[in-house]
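Please work through the exercises below with the sequence and the model open beside you, trying each task before you read its solution.

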Amino acid sequence: MPSIEQILLPHLQKLESNATFSFKGSSVVKSSSGKQYFAKVGAPREKEQYIGEAESLIAIYNAAPGLAPKLFAHGVVDGNDQPTGLDEPGRPFFLSEYKDLKYVSPAAGQKLGERLATELHRYQSDKGFGFHVPTYCGDTKQPNGWYKTWEDCYAAMIENLLSKLRSQGGYSDLCKKGEQVKTRVIPHLLHPLKIYPVLMHGDLWSGNAKADASSGEPVIFDPSSFYGHNEADLAIARIFGGFPGSFFTTYHEKLPKTEPAGQYELRSDLYELYHYLNHTVLFGGGYASSPSRKMDRLLRECP
């Protein structure tokens, strides 16, 4: 099995041909020039997850340069330690710029809200709603693919989680409510929207958003991207907190709530539901009460 050094060294030498590199067993690689790089090498079973993260980072960097770490190299290696096509077995890897990170200050939160609203959430797909490769929200695979409407895309995302809960067993009541959400709530709230598919981070909680310690600029990472309704990207930020009020205020100053604005809170509940269901998939029945309450409210409010 190739070592981390064998996998990464050819790519590092393309960046700095005359430097030597220090591998200390962590994810940080140090160059003799003083530069640092962030590196990850996974097991063959993690190939799809690495590809999804790499493609997400590339998309975010294209949409909003500098908002996510720049990816220098990614791929899969075979037994001969050579980069191979993504369909072949092997160890996945990626190499990106290193960021020394700290908490998001009010100023960084304001800048993050502005950059999301004016750059990331303005970056449109010409293929529809979805994404070209599977991505992972935590350890949950999002199959993705392309959909003509946001209504169909989001219904498929919810169905993906419901199918996982059905296979785990013990969630029959929750899944019955989920079916009603798909047939009643999603058409009621999402069908009327006049929106374009824009790029999402996909897992934008406070653990995946920090500030660069030297510049103070916001940085987002560990994405599970797709193209969808911009408001959906704010859902998990509300659930776990950690974002200053300046983030939400600035965001909606730059990108107003989608019409009908009077349904914004209900749409927020619908988008938060995805992450509550995903936490139930990942961590078990102790989390099931939260999505159940969300669905009760949505089903009461939507005819």
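The exercises that follow go from the whole chain to single strands, a helix and a few loop residues.

The structure is a predicted model, and every value used here was computed from it.

**Exercise 1. The chain as a whole**

Task: Describe how many helices and strands the chain has, and decide how its radius of gyration compares with the globule rule.

Solution: Begin with the elements, of which the chain has nine helices and 15 strands. Next take the radius of gyration, which is 20 Å, while the globule rule gives 19 Å for 303 residues; the two values are close, so the chain is as compact as a globular protein of that length. The C-alpha atoms fill a box of roughly 65 × 45 × 40 Å along the principal axes. Then look at burial and contacts: buried residues make up 52% of the 303 residues, and of the contacts with a separation of 6 or more, 67% are between residues 24 or more positions apart. Finally, turn to the surface and the charges, where the accessible surface is about 13800 Å², with 49% of it belonging to carbon and sulfur atoms, and where the mean positions of the 33 positive and 34 negative charges are 2 Å apart.

**Exercise 2. A strand with two faces**

Task: Work out which side chains of strand S3 are buried and which are not, and then find the strands that pair with S3.

Solution: Follow the side chains along S3 (residues 36-41), which alternate between two faces. Tyr-37, Ala-39 and Val-41 point to one face and are buried, whereas Gln-36, Phe-38 and Lys-40 point to the other and are not buried. For the pairing, start with strand S2 (residues 28-31), which is joined to S3 by three bridges in the antiparallel sense, with Val-28 having Phe-38 as its bridge partner. Four residues lie between the strands of this hairpin, and Gly-34 in the hairpin takes a positive phi near 100°. S3 also runs antiparallel to S6, to which five bridges join it, and here Phe-38 has Ser-96 as its bridge partner.

**Exercise 3. An enclosed strand**

Task: Explain why strand S4 can be called largely enclosed, and locate its pairing with strand S6.

Solution: Count the buried residues in S4 (residues 71-77): five of the seven are buried, so the strand is largely enclosed by the rest of the structure. One residue of S4 to examine is Val-76, which has 0% relative accessibility and therefore counts as buried, the cut-off being under 20%. Now move to the neighbouring strand in the pairing: S4 and S6 (residues 91-97) are antiparallel and share six bridges, and Leu-71 has Ser-96 as its bridge partner in S6. As a last step, compare chain position with distance in space, since Val-76 and Arg-91 are 15 residues apart along the chain while their C-alpha atoms are separated by 5.4 Å.

**Exercise 4. A three-stranded sheet**

Task: Give the order of the strands in the open sheet of three strands, and say which are its edge strands.

Solution: The order is S7-S13-S14, with antiparallel pairing. S7 (101-102) and S14 (218-220) each pair on one side only, and these are the edge strands. To check one pairing in detail, note that S13 (residues 209-212) and S14 run antiparallel and are joined by three bridges, and that Ala-211 stands opposite Pro-218 in S14.

**Exercise 5. A helix and three loop residues**

Task: Name the buried residues of helix H7 and what covers them, and then describe the backbone at Pro-260, Asn-144 and Asp-222.

Solution: In H7 (residues 245-254), the buried residues are Ser-246, Phe-247, Thr-250, Tyr-251 and His-252, and their cover includes helix H3 (106-118) and helix H8 (264-283). The loop between H7 and H8 holds Pro-260, and the peptide bond leading to Pro-260 from Glu-259 is cis, with omega near 0°.

Asn-144 is in the loop between strands S10 (140-142) and S11 (145-147), and its phi is positive, near 65°, although the residue is not glycine. With 18% relative accessibility, Asn-144 counts as buried. Asp-222, in the loop between S14 and strand S15 (227-228), also has a positive phi, near 50°, but its relative accessible area of 37% makes Asp-222 partly exposed.

Conventions. Residues are numbered from 1 along each chain as its sequence is written. This is a predicted model: local features need pLDDT of at least 70, side-chain atom pairs count only at pLDDT 80 or more; totals for chains, interfaces and linings use all residues. Side-chain values use heavy atoms; hydrogens and water are left out. Buried means under 20% relative accessible area, exposed over 50%, partly exposed in between (1.4 Å probe, protein chains only). Contact means heavy atoms within 4.5 Å. The radius of gyration is taken over C-alpha atoms; the globule rule is 2.2 Å times the number of residues to the power 0.38. Accessible areas come from the Shrake-Rupley method with a 1.4 Å probe; for residues, only the protein chains shown count as cover. Lys and Arg count as positive and Asp and Glu as negative; His and the chain ends are not counted. The place of a charge is taken as NZ of Lys, CZ of Arg, CG of Asp or CD of Glu. Two strands pair if DSSP finds at least two bridges between them.
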